[in-house]
Amino acid sequence: IGFTTNPINSRSTPYCSDLGKAFNCPILHVNGDDPLAVTTALEFAVDWRQAWGTDVIIDMVCYRRNGHNELDQPHFTQPSLYQAIDKHPSTLDVFEAKLLAEGVITPEKAKEIRDFTTQSYEADLEASKTYESKQSDWLASKWKDFKSPNQLSRIRTTGVELDVLRKIGNTVSTVPEDFTLHRQMKKIFQARAKTIEDEAGIDWGTAEGLAFGSLLLEGNHVRITGQDVQRGTFSHRHATVKDQKTEAEYIPLNNLAKHLSPSAPMNELSLPDTQAEFTARNSILSEFGVLGFELGYSLENPNSLVLWEAQWMRQSGLVMLLPHGYDGMGAEHSSSRVERFLQMVDEDPHHVPPMHAEERMQIQRHNWQIVNCTTPANYFHCLRRQVHRDFRKPLIVVAPKNLLRNRACTSSLDEMGPDTMFHRVITEQDEEVVANAEGVKTLVFCTGQIYYELLAERESRGLKDVAFVRLEQIAPFAFDRVAEEAKKYPNAEVVWAQQEPKNMGAYAYTMPRIMTATRDLNEDEKRPRYVGRAVSAAPATGMGAVHKSEYDNILEGVFDVNRS
């Protein structure tokens, strides 16, 4: 009460707490002018929550003496209410009068309490004028050994021993003998086990499971939430499976070791007897609410991987998995709006920071990372490096859609083995193209699943004069690697190719940075020619024929422009 919007205009229920009726919560209505009643209500609510583990709502009925803020004039909008409030004594006066009337305290004691409290406030006010906060004041003890943005953190490998990966892969591909899997699920698990046995052809979902499992065995809690995350938004994860007869749940990732433990350091020579817990929670489609909840988890414990699928001197390692990919499915099912995240990257597009591995601090210095991985192995390393650093930074994963089942998008177990790590940039993989670097006419920088579409078209045409470079980490920008690749192909026209419209996607972010990298590091500025969809108000079309026409135009822009 006291804001300019009256209850009768702001909700359809008598009480602000009526929402709790839908969840069968205890609701306590208490008079804010009665401190004893308020403390009693709070104590009851805490006892109830501790005893029964359910939510409790306290509706403290009170008022604001000064309206919306101290400078506001509430009489403009609620004259009758504030005429009554002006005449009403303060809560302190009401409670003091009650205690005096009951003989609980004397007037002298009341004055002593008032004076003591007022003096404490005044002393704290004076102290606040010279107070300087320390970063450690905002951190729990679990953050003790983590680096600040101004402290150099060395780059680490994130590979795992092959025997450990085999163990994890076999575990996430099996269920107990008396567990009845759906027949299609059985085929999925069998195919997953076959790729582990062959140590090749490992797909996106399996690589993710290997990343999660290895972190769990190292004692790091892994938590993922979002709509359909147990199954996976595109049925690629299957972290939790259901018995077809009993509907009992089984979570393979929680059966890697004999026992679950909040911290389970891994013996380098053998698998541990304990592991950290894996949590996968399907959530309601209240995106911002769920994301905010998971942000809290990431702030509380840095030794965990907290993911959500589609601040005051604090570090957070929260990971956002945002489905993205143009397959002709319409505006709501194509784009994660990556351009909006890129617009908020606090990186100067016209300045090349120190880039040598021994001094590079890009990720520490900037507000977050944005990646669009094109191989399961790189996604594996991307997740693991979130935990294996000695600092934390939010990560936005522009997650592919058709790559989840694209047979060309697989990795070998060796690519996740010892001494391997995340690649910010993946260079041209065709040795003939690389050997013919001076004869390459077109150098295409791209990111995400468009690479596989361009690769298939190049192979169908039998071309060796078009080179592809994939930006796996879009932000912070790999100035050094982009300059190296541009220098490698001295006679090539530089192209930026993307699936998105020109006013979306990564083009506006990468274009000035490609120019800066080639100008400052190569002394040969290259302005990339744009190839992609035309500017548009909507992220994508839902009409198959239009999608196909736009797709053909992209292929023509990449492969036909420089043909004589």
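**Group meeting: a cis proline, a helix pair and a surface patch**

P476 sits in the loop that runs between strand β16 (473-475) and helix α15, where helices (H or I, at least four residues) and strands (E, at least two) are DSSP runs numbered from the N terminus. The peptide bond leading from A475 into P476 is cis, with omega near -10°.

Before going on, I should say that this is a predicted model, in which local features need pLDDT of at least 70, side-chain atom pairs count only at pLDDT 80 or more, and totals for chains, interfaces and linings use all residues. Residues are numbered from 1 along each chain as its sequence is written, and side-chain values use heavy atoms, with hydrogens and water left out.

Now to the helices: the axes of α15 (residues 479-488) and α16 (residues 507-522) come within 9 Å and cross at roughly 75°, the axes being lines fitted to C-alpha atoms, for helices over the stretch in contact, with angles from 0 to 180 degrees between N-to-C directions. That makes α15 roughly perpendicular to α16, a label used for 65 to 115 degrees. Among the residues that meet there (heavy atoms within 4.5 Å) are F479 and V482 in α15, and I514 and L521 in α16.

Elsewhere, D228, in the loop between β3 (221-226) and β4 (241-242), has a phi near 70°, a positive value in a residue other than glycine. Most residues other than glycine have a negative phi, and most peptide bonds are trans.

Conventions
Parallel < 35°, antiparallel > 145°, perpendicular 65-115°, else oblique.
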